[in-house]
Amino acid sequence: MKKAQVANVFSFGVLFFFSVTGYVLEPNPEIFCDTKPFYAVIGLPRGGTTVVSSFLGSMEGSFCLCEPVWLFMKKPEIFNQSISSVTSKALDLKLTVPERFVSEIRAYLSASIFTSGGIKETYSDYRAYCADILLEKNPDMVIFVLRHPKALFHAWKTIWWGFPFNNVHFLIKNYKEMIQKRMVTHNAVDIVYEIFSQNPIKYMQNKLTPLFTISGEFTPLQQMESVQFGDDGAKEGGVVKPASLSMNSLEQWEHELIEQELMPLYEQLVKNERS
């Protein structure tokens, strides 16, 4: 990173999802007796991380920042500006450089009215730094969001990103690498996107116990129209939509390769979820 970037300090508003709804995310006081938990949400691009982080950040008592590390690396010029959101309550948080993000968020949490906070970053090998810097700081909980690999590859092939996201070998490499990271993370929680989208409240209540409890009545998720990154559909707010299993853009040989290389991993995850 350029030295000029180190001096930049920025304020989050646009990246903060706040709710005045009936959802409440409460840390277990027996586990977090003298601290407020910091969590990380990690997943592949278009893998469901935006809607999962929106779900967490839309609940009272919690906030989730959407890809601040990637934003710092991609658009450093906006970091000397005060960013405000037209759809969410501004978060008066000052961050400097990614190496300090977690400690700065923890310090902010301890002095704020919030009971938990987190960061969502997506993983791929050319931007592994974004996820790795969070994992190295030992979050209290790491949520890995995993999606059906064929549906994920279809999503990659049908958006404008192009190479390498339209290369099935890139998918296989990154999917396996992320699962390997998950296997060596001791405080990990697996979220299978297809199961999450069927009944998000019940599913997350089960997945986050005993670290957190979720209470309150169903209300729409907060719209996130000003967030810099993330799937546009997931940022619309409202209800969590059923996961798309469309995969008609895949060639037959791509189907076969994913079936051989990735489907056993995914199917084992789903089996574990339902056992």
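# A walk through the salt bridges, sheet and rings

Let's start with charges: the whole model holds 11 salt bridges, a salt bridge being a side-chain nitrogen of Lys or Arg within 4 Å of a carboxyl oxygen of Asp or Glu. What you have open is a predicted model, where local features need pLDDT of at least 70, side-chain atom pairs count only at pLDDT 80 or more, and totals for chains, interfaces and linings use all residues. Residues are numbered from 1 along each chain as its sequence is written, and side-chain values use heavy atoms, with hydrogens and water left out.

**Stop 1: two bridges between helices**

Select D132 and K181. Their closest N and O atoms are 2.6 Å apart, and they form a salt bridge. D132 sits in helix α5 (residues 128–135) and K181 in helix α7, so this pair ties together parts that are 49 residues apart in sequence. Helices here are DSSP runs of H or I with at least four residues, strands are runs of E with at least two, and both are numbered from the N terminus. D132 counts as partly exposed, at 21% relative accessibility. On that scale, buried means under 20% relative accessible area, exposed means over 50%, and partly exposed is in between (1.4 Å probe, protein chains only).

Now pick E259 and K150. This is another salt bridge, again with the closest N and O atoms 2.6 Å apart. It links distant parts of the chain: E259 is in helix α10 (residues 252–261) and K150 in helix α6 (residues 149–157), 109 residues apart. E259 is partly exposed at 38% relative accessibility, while K150 is buried, with a relative accessible area of 10%.

**Stop 2: the sheet**

Switch to a cartoon view. Look for an open sheet of 5 strands in the order β4-β6-β3-β7-β8, with parallel pairing; two strands pair if DSSP finds at least two bridges between them. At the edges you'll find β4 (62–66) and β8 (188–192), each of which pairs on one side only. From one strand to the next, the twist averages 20°.

Begin at the β4 edge. β4 and β6 (residues 116–122) run parallel and are joined by 5 bridges. To see one partnership, select L65, whose bridge partner in β6 is I119.

Then cross to the other edge. β7 and β8 also run parallel, with 5 bridges joining them. Try V145 here: its bridge partner in β8 is I191.

Is β8 mostly covered or uncovered? Mostly covered: 5 of its 5 residues are buried. A general point helps here: in a regular strand the side chains alternate between the two faces of the sheet. Both faces of β8 are covered, with A188, D190 and V192 buried on one side and V189 and I191 buried on the other.

Stay on D190 for a moment. D190 forms a salt bridge with R182, and their closest N and O atoms are 2.7 Å apart. D190 counts as buried at 13% relative accessibility, and R182 counts as buried at 19%.

**Stop 3: helices across the sheet**

Which helices lie across β7 and β8? Show helix α7 (residues 168–183), which lies across β3 (38–43), β7 (141–146) and β8 and runs at about 155° to β7. Helix α11 (residues 263–274) lies across β7 and β8, at about 100° to β8. For these angles, axes are lines fitted to C-alpha atoms, for helices over the stretch in contact (heavy atoms within 4.5 Å), and angles run from 0 to 180 degrees between N-to-C directions.

**Stop 4: the rings**

A search of the whole structure finds 13 aromatic pairs. Rings of Phe, Tyr and Trp (its six-membered ring) pair if their centres lie within 6.5 Å; planes under 30 degrees apart count as stacked, over 60 as edge-to-face and the rest as tilted. Select F63 and Y108: the ring centres are 5.9 Å apart and the planes at 75°, so the pair is edge-to-face. F63 is in strand β4 and Y108 in helix α4 (residues 98–111), 45 residues apart. Both F63 and Y108 are buried.

Next, show W70, Y126, W156, W161, F165 and F170, which form one aromatic cluster. R127 lies over the face of W70, 4.0 Å from the ring centre; a charge sits over a ring if NZ of Lys or CZ of Arg is within 6 Å of the ring centre and within 35 degrees of the ring normal. R127 is also linked with E67 and K120 in a network of salt bridges.

**Last stop: zoom out**

The protein chain has 11 helices and 9 strands. Of its 275 residues, 57% are buried.
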